[in-house]
Structure formats: C-alpha cells, structure tokens
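Hi there,

Here is the structure I promised to pass on. Please have a look, and then read on for what turned up in it.

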Amino acid sequence: MSEWKIDGNLLSLEIDGKTFNLSGDEILDIEDGKSVEIGGSLVPKVSSQLPQIDFGHAWVRSTIKAQIYVPQSKNELIPWCQFKVVDSFFKSHDIPFLPSDYIVADNLFLILDPDQAAELKTSFKSHASGPIGYKQIALIQKNLSSNEYITFIESDERCEKRAPDSHAISNVRSRLYPYQLAGVQWMGSVLDDDAGFVLADEMGLGKTVQIITVIDEQREKGPSLLIAPNSLMENWSREIQRFAPWLSFTVDAGKTREHNYRRLLDYSLVITSYDVARVDFMVLGSIDWNLIVLDEAQNIKNYGTHRSKEIRKYPKRSGIAVTGTPLENHITDIWSIYDFCFPGLLGDVKAFKSEFGDDFDSAEKLERIITPIMLRRRSKDVLKDLPDKVITPIALEMNPDEAEGYERIRMEAMDEDGRVNPGILTTLRMYCALPEIVDNDLKSTSPADTSAKFAYLFEGLLDKIYSQKEKVIIFTGWVQAQEKIQSNVRARYGSFCDILNGDVPIDERQKMIDEFSERIGFAVLIINPTVGATGLNITAANHVVFYTLDWNPATEDQCIARAARIGQKKTVFVYRLFYSDTIEDEVNDCLEHKRKLQNATVKGTTADVSPDVQKALGRSPFLRRRS
C-alpha cells in the first residue's frame with residue numbers, strides 16, 4: 001500500500017509502514033507519468049492522492065548565485081547586477097509567478113502554505129536566468145531567514161554587467177578613491193531598482209563625498225532632500241560647494257525657511273534639519289522626493305518618537321541612511337532605520353520585536369536580511385587606497401543660545417568710535433571652545449547642552465572611535481575644556497583619558513604616553529598643542545582631533561606628526577573642528593591661505609588691529625541665523 005503524505009513542508013511516501021523521502025526530480029518524474037518502482041510497487045501520482053497540490057502550476061528548481069562585497073576583497077566591489085537566478089526552468093512557461101503551493105529547491109520538494117507562497121511570489125518579477133534587482137534580493141533574503149526554500153551561495157563567477165551608462169559619469173568621480181568609486185557604483189545600482197540602502201562606512205572614509213556624488217548623478221530623476229543635524233548643515237553646504245559647485249541647492253531651516261513647497265522644486269537638493277523635518281511635513285511632505293538622505297541616521301533610531309514617525313512617512317522613491325553606528329542600544333534601532341530605507345522589509349515593529357531580541361542569535365539572523373542593502377567598509381579593508389593621513393575640516397553651527405552669547409561678546413568688543421579691543425579675540429576663541437569658560441552662569445549646565453561643538457565631539461566622533469576600539473589624541477589649549485572633556489570621557493566610556501599640558505613634569509610625560517599606548521582598545525589623550533607639538537611619538541593613536549584650531553599651520557602640522565610618523569601602521573584620520581561665521585572660521589581661512597603660500601608663519605595677535613581681526617569680528621553666527 002503506497003500513500004503520499006505531507007509532513008510539515010516535506011512531501012513523503014509511506015509504503016507498508018516505511019517512510020521514503022523522494023527527491024524533487026523523482027516526484028516530478030512520477031507526476032509526469034514516468035514509471036518509478038519502490039519496494040516492488042509502482043508509485044502512484046501525487047495528484048491522485050493529494051489533489052490540493054496542483055501540478056499544472058509552474059515549478060522551478062532555483063539556485064541563487066551572488067556576487068557580493070566581502071571584506072576580504074578590500075575595495076573590490078562588483079558594481080552591477082550582483083545577483084542572478086541560474087538553472088531555472090518551468091513546466092508551464094505561461095505562468096508568470098512561482099507556484100502557489102510548492103517549490104523544488106536543492107532537489108527537495110517543499111510544500112508552501114498560502115502565506116508563504118504569497119511572500120515568495122513578491123520576491124520575483126521574472127524567473128529566467130538573469131539579474132535580480134536589489135529590492136528583490138532583499139525580499140528573498142528575508143524569506144531565506146525563516147524558510148530555506150532557496151539556496152543562496154556566493155559565486156566567483158562574474159555576472160553579466162549592465163551597460164556602464166546606466167549612471168551618468170559625474171565630474172566628482174575623478175576625485176574619489178577606488179573604494180569610494182566602487183561604493184558610488186554600488187549605490188547607483190541599488191537606486192536603479194528603486195530601493196534604498198544604508199551607507200555605514202567607518203568614520204573618516206568619506207561618506208559625505210560619496211553621497212554628494214550619488215545625489216549629483218541622480219538629480220535628473222527629481223529633487224532630493226538631505227536631513228542633517230543642525231550643527232552639520234553648514235558642513236554639508238561647504239562640502240557640496242567644494243566637490244559639486246554646479247549642484248543647485250538651498251538650506252531650508254531657521255526662521256526664514258520656505259513656506260511654499262513649489263519654490264523648493266527649483267533646486268536639485270534641499271538641505272534641512274531633523275527639527276524642521278519633524279514639524280514641517282505640510283511643506284516638505286508635499287514633494288515627491290527622488291531621494292531622501294538621512295545624515296547621522298541614528299537620529300531616528302527610536303521608532304516611537306514623533307521625529308522618527310514623521311520622517312519615515314515622507315514620500316520618496318528611495319531612502320538613504322548614512323550612519324557609522326546603525327545599532328547603538330537596541331535591535332529596534334535597526335528596524336527604525338531600515339523601515340525608512342526599505343519600508344516593509346522587516347514587517348511592522350510589533351512582529352519584529354516578537355521575532356528579534358537583543359541577543360546574538362537575533363543579530364545573526366537579522367544580519368542575513370539586511371546585508372544586501374548595507375554597504376560597510378572599514379579603514380583596514382581599504383588601507384591600500386588611503387594616503388598616510390586624511391584631513392577632514394568640519395564646519396559646525398552654534399546652537400541658537402550659543403550664537404546669541406557669542407554676539408553679545410562680539411558687540412562688547414567695539415566702542416562708540418568703532419575701535420576694537422584686540423584682547424576680545426582670545427575671549428571669543430575661549431567661548432568657542434566652551435561657553436562656560438567665559439560665562440560663569442553656564443558652569444552648572446551640561447557642556448553638551450551649551451556647546452554644539454562639545455556635543456559633536458562625543459556624538460559625532462568619540463562614540464564612533466570608541467566603537468572601533470581605536471585611540472585618539474585631542475588638541476586644545478584651554479585647561480577648562482581639557483578638564484571637561486576628560487571628565488566626560490571617563491563618565492561616558494569608563495576608558496583611559498589623561499591630560500598632557502604644562503602642569504605635567506617633563507620626566508613624567510613619556511610615562512603617560514606609554515600608559516596610553518599600552519591600553520587595549522579605546523583611549524584618549526588630551527594635549528596642549530604648545531606642549532605636545534614636538535618631541536612626542538604617539539603612533540598608538542590613529543585619530544587626531546583639533547578641538548580648537550591654532551593660528552600657526554606649522555604647529556598644527558607638528559601636532560599631526562605625533563601620530564603620522566614612522567612606526568604608524570594605519571592611516572591617520574585628522575578632524576579639524578571649527579564654528580562657521582566666527583573667529584574660528586577666520587582662523588581656518590588664515591591657516592588654509594598660509595598653507596597655500598607655503599609659509600610656515602603667521603602674524604600673531606597684537607595691540608594693532610589687523611585686517612584679519614576686523615574681518616573676524618565682522619562674522620557673526622547670530623546675524624546669520626536671523627537673516
């Protein structure tokens with residue numbers, strides 16, 4: 001007696017109490033009318049006993065070959081058509097979708113319930129051998145995470161490429177490192193499928209210039225919206241002017257922001273802040289954006305906040321999340337960011353939380369789903385593409401209260417006759433380092449609340465360096481700033497943090513450096529640039545932060561040389577922080593001008609008011625905010 005039975009997803013044959021698991025080929029041969037004998041008896045057709053399995057539907061044997069970026073390949077990333085189905089064939093060629101009730105995979109005959117079939121059905125648009133889009137492969141990966149219907153394998157075999165002209169060749173490309181160019185090509189391929197992605201390169205690898213290139217190359221498809229933290233909007237403006245000055249853009253923020261959405265359509269790119277995007281959906285949400293880019297996308301990690309909800313509902317063709325830390329606290333951080341980039345991929349948040357927890361197994365399971373639309377390179381992977389040091393100027397904006405305080409000091413510097421007290425320059429620089437140094441009323445307030453620069457130092461730089469388990473040197477000459485940074489590093493990370501300034505005896509300085517160097521993982525050394533510009537070897541650090549800039553470019557170069565010197569095995573990433581439209585902006589301009597002239601000296605501040613001083617005092621973040 002032969003009887004076909006369904007056990008879970010598997011179809012099996014029972015003969016005289018014994019169970020036989022036939023291969024997919026054998027089952028399909030039997031259904032095609034071929035004679036198959038087991039135990040001396042001919043095996044009946046499945047459909048004769050299980051009519052619910054309709055063999056009139058299409059059937060497919062599927063293997064998915066993949067060409068994907070892997071760390072071992074350094075910067076080598078296959079830019080086009082990374083996925084394809086091979087060895088696909090159909091019993092009925094006029095059926096447009098996968099079968100509604102079964103699939104043959106790895107020669108196993110697997111039964112699908114209606115929900116599973118519907119989910120798989122959305123994964124494919126075509127089934128002939130050839131490329132599958134990124135949006136489709138992400139859905140397939142999602143199915144594979146819970147249902148092993150399709151085998152997913154890496155392949156060394158190169159897929160047929162799309163025509164290179166699928167992306168306009170941008171003028172920015174000639175300035176990209178090879179790994180950045182590969183990243184831009186990959187991003188363009190994903191966007192061609194109307195999918196979104198996460199750019200999660202480690203800090204210092206140039207996420208900004210890659211995104212500017214992508215926006216530039218996609219501008220013919222419609223306007224794009226870039227949402228950034230308040231303090232970084234100015235930096236984005238400067239980087240666009242530096243790399244793509246032809247790209248038309250506007251900054252829509254502050255009291256003078258646009259209230260007629262039609263006027264924003266005149267620009268290829270609109271830059272705004274998270275605060276504006278949260279409250280201004282009536283205007284910004286009236287545009288069908290081509291791309292929406294979230295810089296520091298962890299700003300929407302809390303899925304239940306008004307900010308996160310509003311931004312996720314903005315209309316767009318594709319969403320791009322830029323973050324070096326997509327997972328900060330809980331695994332739901334991932335859900336919120338991916339629900340913006342690829343709505344529906346991870347289901348609704350309730351189902352997601354029931355399936356994934358804050359544990360290793362969940363993270364491993366989730367990684368398989370999100371990998372196809374995440375690009376993450378580490379500095380060690382692309383080291384051969386990088387120079388010995390990468391210097392990144394970061395123009396920051398003061399917060400409103402900070403700008404108002406700066407304006408009060410600036411106005412107090414001038415008497416009725418327009419004469420200037422030159423000593424005010426030092427006061428302004430101290431205020432830029434930390435407002436509480438000048439304003440005693442602020443000493444009881446958290447410095448991250450009163451100083452946008454202090455907040456960015458931790459949230460924009462140190463948090464990421466900490467996650468990379470690397471070491472950093474911070475240069476600033478103000479003792480109060482040094483002490484505040486030290487106390488906050490120790491409280492926030494529980495890590496080694498010491499100060500090397502004039503109070504440290506000369507014979508104890510090397511001991512401090514040795515202790516810093518010997519620490520495993522993250523550690524911070526805060527140095528006065530006058531004391532530490534020469535004679536020190538600190539190659540254990542590969543990150544250098546100028547929290548305050550020095551007037552003398554030679555001093556800055558010597559400070560960088562503490563880490564970027566013989567014995568350094570990594571690329572040194574240098575971050576120069578300064579406030580736009582302040583005395584620090586003038587210092588930065590002066591440094592760049594002097595470097596161009598290859599002049600290692602600049603005039604210091606004297607009792608005489610130089611044109612530089614007049615120009616510096618003419619800058620005001622407060623006036624700019626009001627304009």
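Let me start with one residue: lysine 313 is partly exposed, with a relative accessibility of 45%. Its side chain meets that of glutamate 310 in a salt bridge (3.0 Å, N to O), and glutamate 310 counts as buried at 11% relative accessibility. Please keep in mind that this is a predicted model.

Another salt bridge joins the side chains of arginine 312 and aspartate 339 (3.1 Å, N to O). Arginine 312 sits in helix H11 and aspartate 339 in helix H12, so this pair ties together parts that are 27 residues apart in sequence. Arginine 312 is buried, at 16% relative accessible area, and aspartate 339 is buried too, at 17%.

Lysine 221 and aspartate 192 form a salt bridge as well, with their closest N and O atoms 3.4 Å apart. Here lysine 221 lies in the loop between helix H6 and strand S13, while aspartate 192 belongs to helix H5, so the pair links parts 29 residues apart in sequence. The count of salt bridges comes to 20.

Helix H7 (residues 233-243) may also interest you: eight of its 11 residues are buried, so the helix is largely enclosed by the rest of the structure. Among the buried ones is Glu234, which is linked with Arg238 and Asp585 in a network of salt bridges.

On the surface, Asp359, Asp361, Glu364 and Glu367 form a negative patch. Aspartate 361, in helix H14, is exposed at 57% relative accessible area.

As for the whole protein, 55% of its 627 residues are buried, and its secondary structure comes to 26 helices and 24 strands.

Best wishes

Technical notes. Residues numbered from 1 in each chain as written. Predicted model: local features only at pLDDT ≥ 70, side-chain atom pairs only at ≥ 80, totals over all residues. Heavy atoms only, no water. Buried < 20%, exposed > 50% of the residue type's maximum accessible area, 1.4 Å probe, protein only. Helix = DSSP H or I, 4+ residues; strand = E, 2+ residues; numbered from the N terminus. Patch = residues over 30% accessible without salt bridge, like charges linked within 9 Å, V, L, I, M, F, W, Y side chains within 5 Å. Areas by Shrake-Rupley, 256 points an atom, 1.4 Å probe, with all protein chains shown as cover. Salt bridge = Lys/Arg side-chain N within 4 Å of Asp/Glu carboxyl O. Lys, Arg positive; Asp, Glu negative; His and termini not counted. Charge placed at Lys NZ, Arg CZ, Asp CG, Glu CD.
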